[in-house]
Every structure is written in C-alpha cells, then in structure tokens.
Amino acid sequence: MATKKKAKTAKSRAKSSAAAKKVVKLKAKKPAAKVAPGNGMPRPSSKPWGQAGRALQGVKILDFTHVQSGPTCTQLLAYMGADVIKVERPGIGDITRGQLRDVKGADSLYFTMLNGSKRSITIDSKHPKGKEILDRLVKECDVLVENFAPGALDRMGLTFEHIHKLNPRMIVASVKGFGPGPYEDCKVYENVAQCAGGSASTTGFRDGPPLVTGAQIGDSGTGLHLALGIVSALYQRVRTGRGQKVLCAMQDGVLNLARVKLRDQQRLAHGPLTEYSQYGEGVPFGKATPRAGNDSGGGQPGWILKCKGWEDDPDAYIYFITQAPVWTAICDLIGKPDWKTDPDYATPPARLPRLKQIFATIEQWTMTRTKFEVMEICNKHDIPVGPILSMKEIAEEPSLRATGTVVEVDHPTRGKYLTVGNPIKLSDSPADVRRSPLLGEHTDEILRKVLGYSEKEVAEIKVSGAITAPDKPAKAEAA
Ligand code: CAO
C-alpha cells in the first residue's frame, strides 16, 4: 500500500512538475511574445522615425475653448497629433474670429494663429438637440477643454458629474483666472493675470509704474501649463482607467513663471539683493521685490545696451551679460585690459557696486557695431549676448522657417499667413501645422463620421436650429 502510495505520489509529482514546467513555459512565453522586459511597454517600433504615428494620435479633444488661453493649449495638443474638435456658437463662433480684423470678411490673425490644425463644429449648447449632440461628443472624446467664465460650463448642464456619468474616462480640463478663494468667480484676461500673478509688480523700471510684458504669459503660459496637466492625466488614465479634473488658474501659471521673484522676496529678509543695480546705486530696498529694469534675473549681471544705428532703429540693442568666467575677454574687447587686475573690477563682488558705470563703458563699444556684429564677436569668446530681434526680423528669419517654428499656411478667405508652429520638437512625432478651420467647416463631417448620425438625422438637426444661428436657419451655416 505504502509502495503504491509512493509510486502514485512520484507519478503525481512528475505530473505536477510537468504541469508546472508548462505553466512556467507559458508564463515565460507570454511576456516574450508581446511585451518587452521590464515595464510592460510594447516592443520598440521598428518603423522609421516620424512614421510610427504621432504622439497623441487617437486622442480626441472636445475643445470648448475661446479667446487665447484655452486655444493655445488645444492647438499644442493638435500639433502633437490629437484630433481637436472645436465647438463654437452658431453664427458667431469664437469671439476672436472677428477681433482685430486686418482682412475684411476673413477670420482675424488672432483666431487663425491660435486655432490651426483643429476642426470646427457649430453647436448651440443651450438648445435641447445641441445638448444631445454634446452628450454624444462627451461619450466619444477623451478630453474636454474649456476656459469659460466660472460656472458657465455647469450652466450648460455639463457638470463634472454629468460628464463622468456619460464617460468616466473623460478628462475635464479648465483654465480659470483664479483658483479657489476670494477671486474665484472673477473673469480674467491676460493683463489681469500678469498683475495678479506677480509679474507686473516686478517688471519695469524702479522709478516707473508696474509694466505688463509683451509675452502672453497669462494666456499662452497658462495654456501651456494646462497641456502638461492634460497629458499627465492621460498617462495616469492608462493605469486607473478613469479621467479627472485638471485646473490651471492663470494667477498660478504666471506666478510659476515669476517664481524667481518670490525667491527674491524671501532673500530680502536676509539683506539687499546685490545683483540688482539699485544695490550698486545705493538705493535702499523696500519691503517687496522691486522692479529690476533690465537687470538679469540670475546671478550674472546683464543689461540692454545700444548698438550701431540705435538713433533710428528702436530695436538696435543687445542684451549683454558680464558672466564672470569671460570677464577678461570682455575687458580686452572693450579696450579696458587694466580692469582684469584692477581690484575695483577684477572680481564679481567688486563689480557689483559699479555695474551702471561698467555697462556704460561696454555700451561705448557696442555702439560702434551692429547688434549682429556684437553677437558674432562675443560668441567667439563665449560671452552671452542676445540681439533684440524685432517681430519683422523674426518673421523673416530663415532658420525659424527651417525648423517649423514659423510656418506659412494658406487660408481660403485670407490667403497666406504666418503662424507659430510647434515650439516643442519631438523626434518621432513631427507636427502637422494646418490652417485654422472656417466656422462650422466640419459640422457635417463630425456629425456623420465621428458621431454616426445618418443623413436623415443630420437633415433634422439642421432644421432644429441646434447647429445654426437662430435668425439664419440651415443655410446660414458657414461650412
Ligand atoms: N452655445 C451657446 N452658448 C455658448 C456657447 C455655445 N456654443 N459657447 C459659449 N456660450 C455661452 C456660455 O454658456 C456663456 O453663457 P452664460 O454666461 O449664460 O453661462 C456665454 O457664452 C459667455 O461665456 P463667457 O462668460 O465665458 O464669455 P465672456 O466673453 O463673457 O468672458 C472671459 C470671457 C475670457 C473673460 C471668460 O470666459 C473667462 O474669465 N474665462 C476664464 C479665464 C480665461 O480663460 N481667460 C483668458 C481669456 S484670453 O485673454
């Protein structure tokens, strides 16, 4: 009995070890067949660079944005390969279509330069049929992006709860002027954000009023932040299977870009800010970070200096940085070799109280050369300088055209125009920069191909008034 039992046990052991081997074999085979070792990623594509689809291919964006902050975000996502479906109010569209118009009857550059590579559908979001179409879009898309005034999306019935009931995977991304707090209900435009985010109080000259900057750090800056939030949420969704809210307040976005000024605010508690020229001029510091004029934000003193031609050309200037390691080269260039050893000039701390006079001396030299000559000479010595480029010079710069940063596109009603292409270059996902859509240009196409409405249903939608301006039914559609 015992021997029989032993034999049986040996037999079953052999059987189970064979089975185990099979399992091991199966287990070992599965990852080898489909998954590269390590992190569950697919095998590296063998397709040539740029031919393996684009970064956000397959991602559908329900784009409820208008003016600048939101459209900047969704245009970047479109450049990355997302299918961006811009929802606009019938007959009117994004308000910027008609703002700052330069060509009569054509969409403005304000609109066209922020809405390239997108599709446009007109839907009255307050019309019952319009609501039904929007619900279908919510089910179909991955991300809803909006920058309406606080509460407007809810008033349309598109609360987060409603959206998530229809599509738990949807990411709902919003730009608002302020985060939760005393100002959360305020409408906000670019310059309001620059002021509330700490940029204006720290920009300009000490003896002048606060200044706003030309770069749209409140709008485009926040759109850029939002785009990062969206792609991060998309990545998290791969693990969790669910969408989430993404909120970027313009005040927060500006503050993030002005963080060095909050750094300086805290440094003030420990003494004067020695790299600010007011230190060298003996002007005492107040309680808050002051305006720094053209002082360099980093630890390397810098200033904007006149170049040859400054009398007639408002942009004949160069930013000049007296970086410590190249100080001796600067002294030789400007004809001050004695400053290399003079204890008043030889070290960075010795120079700090004399920056105004030092830059005035360097300027005597830069005024004898054009900004491009100064750039060429200084670059040979590794001296960091930056020519003040006008928008005209940037528009005509061949290297920016070659990299796709400045792109010329053709538009059916306004003709050729320049736009800013994708400033973020991905080696495997080249940007596809296309012209902006006409108002409602893709309404039919989206209703049919994305949402699956039949020809008959589309005809019914057209007469319902859900996709056309109230006073001009059906044929008023711009498509
Ligand atoms: N169908 C029907 N109604 C529509 C619609 C559509 N397709 N699209 C928009 N609307 C309606 C909205 O529902 C809203 O109506 P209610 O006020 O009745 O709810 C109305 O249009 C106006 O929306 P809004 O308040 O957002 O627009 P505004 O011009 O009054 O304000 C702005 C503009 C930018 C100040 C505000 O949207 C805002 O503060 N946004 C957040 C911050 C932001 O992005 N600012 C940057 C703008 S760029 O400088």
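This section describes the nonpolar core, two surface patches and one histidine of a predicted model.

The largest nonpolar core holds 28 residues, and among these Phe64, Val87, Ile133, Leu137, Leu144, Leu153 and Leu447 touch the most other members. At least two residues of this core are supplied by each of six elements: strand S1 (60-64), strand S2 (83-88), helix H4 (128-140), helix H5, helix H18 (443-450) and helix H19 (455-464). Helix H4 gives the largest share, with 4 residues.

Two patches on the surface were examined. Arg89, Lys126, Lys131, Arg155 and Lys187 form a positive surface patch. One of these residues, Arg155, belongs to helix H5, which spans residues 152-155. The relative accessible area of Arg155 is 59%. Arg155 is therefore classed as exposed, since that class begins over 50%. Leu224, Ile424 and Leu426 make a nonpolar surface patch of about 230 Å². Within this patch, Leu426 is located in the loop that runs between strand S11 (415-420) and helix H18. Leu426 has a relative accessible area of 33% and is therefore partly exposed, as this value falls between the limits of 20% and 50%.

The histidine is His162, which is placed in helix H6 (residues 160-166). With a relative accessible area of 27%, His162 is also partly exposed. His162 and Asp135 are separated by 27 residues in sequence, and their C-alpha atoms lie 9.2 Å apart in space.

How values were computed:
Residues numbered from 1 in each chain as written. Predicted model: local features only at pLDDT ≥ 70, side-chain atom pairs only at ≥ 80, totals over all residues. Heavy atoms only, no water. Patch = residues over 30% accessible without salt bridge, like charges linked within 9 Å, V, L, I, M, F, W, Y side chains within 5 Å. Areas by Shrake-Rupley, 256 points an atom, 1.4 Å probe, with all protein chains shown as cover. Salt bridge = Lys/Arg side-chain N within 4 Å of Asp/Glu carboxyl O. Lys, Arg positive; Asp, Glu negative; His and termini not counted. Charge placed at Lys NZ, Arg CZ, Asp CG, Glu CD. Buried < 20%, exposed > 50% of the residue type's maximum accessible area, 1.4 Å probe, protein only. Core = buried A, V, L, I, M, F, W, Y, C linked by side-chain atoms within 4.5 Å.
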